[in-house]
Amino acid sequence: MAELAVRCAGLELRNPFLLASGIWGESGESLAGAWKAGAGGVITKSIGSLPRAGYPNPTVETYERWGLLNAMGLPNPGIDEYPREIEIARRSGATVIGSVFGGSPEEFAHLAVRMAATGVVALELNLSCPHAEGYGTEIGGTPEDVEKVVRAVTQKVALPVIAKITPNTADAAALALAAQRGGAAAVSAINTLRAIAIDVHLQRPVLAHGLGGLSGPAIKPVGLACVWQIFEKVKIPIIGVGGIASAQDALEYVMAGARALEVGTQVTFDGVAVFGRLVRELSALLDELGFARLEDAVGVAHRASSVPPG
Amino acid sequence: MRAVVPVTERVDETPSTVTLRFPYSAAADPGQFVMVWLPGDDELPVSLSYTDGPSKGVTIKAMGATSRHALSIRTGARVGIRGPYGNRFDLSPRKVLVVSGGSGAAVLAPAAERACGSGSSVTVALGATRAPELLFKERFRAMGARVEVATDDGSEGVKGFVTALAERLLASERFDVVWTCGPEVMMKKVIAAASPRSVPVFCSMERHMKCALGMCDACALGPYHVCVDGPVFPAAKLEGLSDFGAFHRDSSGRRVPL
């Protein structure tokens, strides 16, 4: 039986499948439920300084089982209320990673300190939230801003800091390099792809906010490309995320360079039972391909001859 | 994902509730809900008050800004519908007590209709604050259910809460099951009356919803999600939950008193 336990960003994970931020992450009992269902760790909802209702509905649109478009608008109970939920999750034994978002490096740093005090084992920085001064552009949209935010955080907390990279860029590797320069322990790639749906009968966008983020199987090739390019440029570990629905998808990410993985949209389609299935199937797949440990497969696709550098 | 459909009929059921009928062919069962999109406004979860046939219906009570907007919708207006979502009432019991508080009748009427249609005996304890707010009283009578009325102010039927009426009925007759929908504290009292008599209770629950797909946690209720594990919950699942009858989450996810 292949060994699925992995070491990533200083964390010992029982398996590589983390619950992605934004899924089931508002209540501690839900986080505990995902852990009990077999997730290797759980990432909280992205938490901000103040309670936020998010955008009005409609907030989601689905495309059969290949895509999900969301414009939730970062609803969250705020950092004052949320520690209660983390405590409930931690009592179940879960490995909990705290996700935070802010509009400036200072806000990120302030939230990081508060989140670190709740007992989470690591932080994930949601860099796809709007820049306070950017008129809607993502705060993690340029290498300069990524480095500033990550540095502001790593100067204040000792926990491992994971920077979540946006795919809405021409150069994901440059963003990841900036996170590494800022002291990130790891990067996760990718967040959602900027997207929109239009209702032709009503002649308006489907989602109340208009633009949203696309996730699910449709974005896997894009996520893989970002992980591929990041792996060629950075030394810190990569957590692959975007459209993982099967063990094969997971192993594609690992062979592209990921040491751990996040699963989000597939939970919407299959429930948290997806974690048990992925663990079983990945173990079987590694056995079939002759890998004794998942770690042995990290980045192997880069070694094949005559693959041009990305 | 959504169907944009015209409202084909509008019925003012009570001063605070309106039924909207629309063409929607997807199969649905009593207990299930749809997400109703009022374009330019919001999208909210509403239980189907008419589940059978190609024309479905929802009965909306004016609570917040969007549901008040719903009350002004005219026939011909277009709305977006997705679903049905959620689970259903088990319609097999032969002797049913329905305990309905206010707009809860919207959820319970289609279930009672199916039960009466298959030959089950249905007794309805129908409650409201005052007589004009009694919802679907004639509909329950027309389907062959025995209807007993309670109003808080005594303007019709017996004066008092519908839970007191339910207790009297439970004390005098043996029912196979209780189906209930209404304010959560009311449903908690119905369970307290029925459980010691070993009568199973099923409650139709509601919470804020955003995705209605089991993803976003807005409708988290203890370890459950109302959108996929409910809205119909057996008393056995609810009795142990500290949130039941006490707390829900607001649209930011903060846990606040009901």
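Tutor: Let's start with a term: a crossing is right-handed if the near helix is turned clockwise from the far one by less than a right angle, and left-handed if anticlockwise. Keep in mind that we are looking at a predicted model.

Student: Thanks! In which hand does α5(A) pass α6(A)?

Tutor: Take α5 as residues 172-181 of chain A and α6 as residues 220-233 of chain A. By the term we just set out, α5(A) passes α6(A) in a crossing that is right-handed.

Student: And are α5(A) and α6(A) parallel or oblique to each other?

Tutor: Their packing angle is about 50 degrees, and the axes lie 8 Å apart. Roughly parallel would need an angle under 35 degrees, and roughly perpendicular one of 65 to 115. The two helices α5(A) and α6(A) are therefore oblique.

Student: How many nonpolar residues does the contact of α5(A) with α6(A) have?

Tutor: From α5(A) come A172(A), A173(A), A176(A) and L177(A), while α6(A) gives C226(A), Q229(A), I230(A), E232(A) and K233(A). Sorted by class, the contact of α5(A) with α6(A) has 2 charged residues, 1 polar and, as the number you want, 6 nonpolar.

Student: Now helix α4(A): how is α4(A) oriented relative to α5(A)?

Tutor: Helix α4 covers residues 143-154 of chain A, and its axis comes within 8 Å of that of α5(A), crossing at roughly 30 degrees. An angle under 35 degrees is what the term requires, so α4(A) is, with respect to α5(A), roughly parallel.

Student: Which residues of α4(A) make the contact with α5(A)?

Tutor: On the α5(A) side you will find A174(A), L175(A), L177(A), A178(A), A179(A) and R181(A). The residues of this contact of α4(A) with α5(A) divide into 8 nonpolar, no polar and 2 charged. From α4(A), the partners are P143(A), V146(A), E147(A) and V150(A).

Student: Let's move to the strands. What do the 8 strands of chain A close into?

Tutor: Follow the order β3-β4-β7-β8-β9-β10-β15-β16 in chain A, where the pairing is parallel. Neighbouring strands of this sheet are turned by 30 degrees against each other on average, direction ignored. The 8 strands close into a barrel.

Student: Which residue is the bridge partner of A163(A) in β10(A)?

Tutor: Strand β9 (residues 161-165) and strand β10 (residues 186-189) of chain A run parallel and are joined by 4 bridges. For A163(A), the bridge partner in β10(A) is V187(A).

Definitions and conventions. Residues numbered from 1 in each chain as written. Chains lettered and ligands numbered in written order. Predicted model: local features only at pLDDT ≥ 70, side-chain atom pairs only at ≥ 80, totals over all residues. Axes fitted to C-alpha atoms, helices over the stretch in contact; angles between N-to-C directions. Parallel < 35°, antiparallel > 145°, perpendicular 65-115°, else oblique. Contact = placed C-beta atoms within 7 Å. Nonpolar A, V, L, I, M, F, W, Y, C, P; charged D, E, K, R; others polar. Pairing = 2+ DSSP bridges.
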